[in-house]
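Take a walk through this protein, one strand at a time. Keep the structure open beside the text and find each residue as it comes up.

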Amino acid sequence: MITHHPNDALLLDYASGAASEPISLLVATHLALCPVCRRKVEDYEAIGGAFVDNCVSEKISDELKSDTLASLDNLAEVEICHNTPVGSNSAELKSCIPRPLSGYCGDIDDADMWQWAGFGIKKIPLLERHDKFECYMLAIRGGKKVPSHDHGGSEWTLVLDGAFTDESGHFSRGDIVEMREGEEHQPIADAGKDCICLVVAEAPVSLTGSMGRFLNPFIGS
């Protein structure tokens, strides 16, 4: 059962089309798993539709229409880095990826998709062209304790498979945890199955503690 949901502002931004692509991907993937938030978004969209119906229409120029359609045609393809799952069965891993996200992940059965991101931690970068948010799939080996770290900006983590616990609670499939700038935590993946997450972050994390500060230059913080 999903007990941790996106906040209403995030859902409203998604429903109105105001959310960035990484945030939209995060919310759409959560909605694929969460009927509660789907109903909320449907309500927001219905309210938005009522506003549009009551608006006075205004004709736009042929030039503006042409430029808008041309800009849609010129959208760049999603860039995906190819680099090894932490240890999950690849077929099982693929089955846990909801449809909105699967199109961004390419062939996740390919072991070369995953990049090393720490001892027992690997990731697949997504939407690398986006300059405001870092977006990636994260795999944490079952039972692995992630080093304690704080955040340089807001970060949203959606659990897709497995589960983890930090100072604020326990998070399993479909749950979203939001961290804000300056907040510190230390996630610990449940023993057994690897924990697979989708992460959208405004800024990189910094490891804390004496050992963490020593390691930060090596992780690019």
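**A walk through the strands**

Asp-166 stands opposite Gly-169 in strand S7. This is a predicted model, and that pair is a good place to enter it. Strand S6 covers residues 163-166. It is joined to S7 by 4 bridges, and the two strands run antiparallel.

S6 and S7 belong to an open sheet of 3 strands. The order is S7-S6-S10, and the pairing is antiparallel. Which strands form the edges of this sheet? They are S7, at residues 169-172, and S10, at residues 188-189. Each of these edge strands pairs on one side only.

Now turn to strand S11, which spans residues 195-201. Is S11 enclosed or open to the outside? A residue counts as buried when its relative accessible area is under 20%. In S11, 7 of the 7 residues are buried, so the strand is largely enclosed by the rest of the structure. Look at its two faces in turn. On one side sit Cys-195, Cys-197, Val-199 and Ala-201. On the other sit Ile-196, Leu-198 and Val-200. Both faces are covered.

Which strands does S11 pair with? Strand S3, at residues 134-140, is joined to S11 by 7 bridges. S3 and S11 run antiparallel. To find this pairing on screen, start from Met-137, whose bridge partner in S11 is Leu-198. Strand S5 is also joined to S11, by 6 bridges. S5 and S11 run antiparallel too. Here Val-159 is a useful marker, with Cys-197 in S11 as its bridge partner.

Just before S5 comes a loop. It lies between strand S4, residues 149-151, and strand S5, residues 155-161. Ser-154 is placed in this loop. Is Ser-154 buried or exposed? Its relative accessible area is 11%, and the limit for buried is under 20%. Ser-154 therefore counts as buried. What does Ser-154 touch beyond its sequence neighbours up to four places away? Its contacts are Glu-178, Met-179, Arg-180, Glu-181, Val-200, Ala-201 and Glu-202. Val-200 and Ala-201 bring us back to S11, where both are buried.

Next, look at the cysteines. A disulfide is a covalent bond between the sulfur atoms of two cysteines. How many disulfides does this structure hold? The count is 0. Cys-96 is buried, with a relative accessible area of 5%. Cys-135 is buried as well, at 3% relative accessibility. Cys-195 and Cys-197 are also buried, on one side of S11.

Further along the chain is strand S12, residues 205-207. Leu-207 is in this strand. Its relative accessibility is 12%, so Leu-207 counts as buried. Now find Gln-186. Leu-207 and Gln-186 are 21 residues apart in sequence. In space, their C-alpha atoms are 9.8 Å apart.

Finish with the aromatic rings. A search of the whole structure finds 3 aromatic pairs. One of them joins Trp-116 and Phe-119. Their ring centres are 5.6 Å apart and their planes meet at 85°, so the pair is edge-to-face. Are these two residues buried or exposed? Trp-116 is exposed, with a relative accessible area of 56%. Phe-119 is exposed too, at 66%. One more ring deserves a look. Lys-123 lies over the face of Tyr-136, at 4.8 Å from the ring centre.

Technical notes:
Residues are numbered from 1 along each chain as its sequence is written. This is a predicted model: local features need pLDDT of at least 70, side-chain atom pairs count only at pLDDT 80 or more; totals for chains, interfaces and linings use all residues. Side-chain values use heavy atoms; hydrogens and water are left out. Buried means under 20% relative accessible area, exposed over 50%, partly exposed in between (1.4 Å probe, protein chains only). Contact means heavy atoms within 4.5 Å. Two strands pair if DSSP finds at least two bridges between them. A disulfide is a pair of cysteine sulfur atoms within 2.5 Å. Rings of Phe, Tyr and Trp (its six-membered ring) pair if their centres lie within 6.5 Å; planes under 30 degrees apart count as stacked, over 60 as edge-to-face and the rest as tilted. A charge sits over a ring if NZ of Lys or CZ of Arg is within 6 Å of the ring centre and within 35 degrees of the ring normal.
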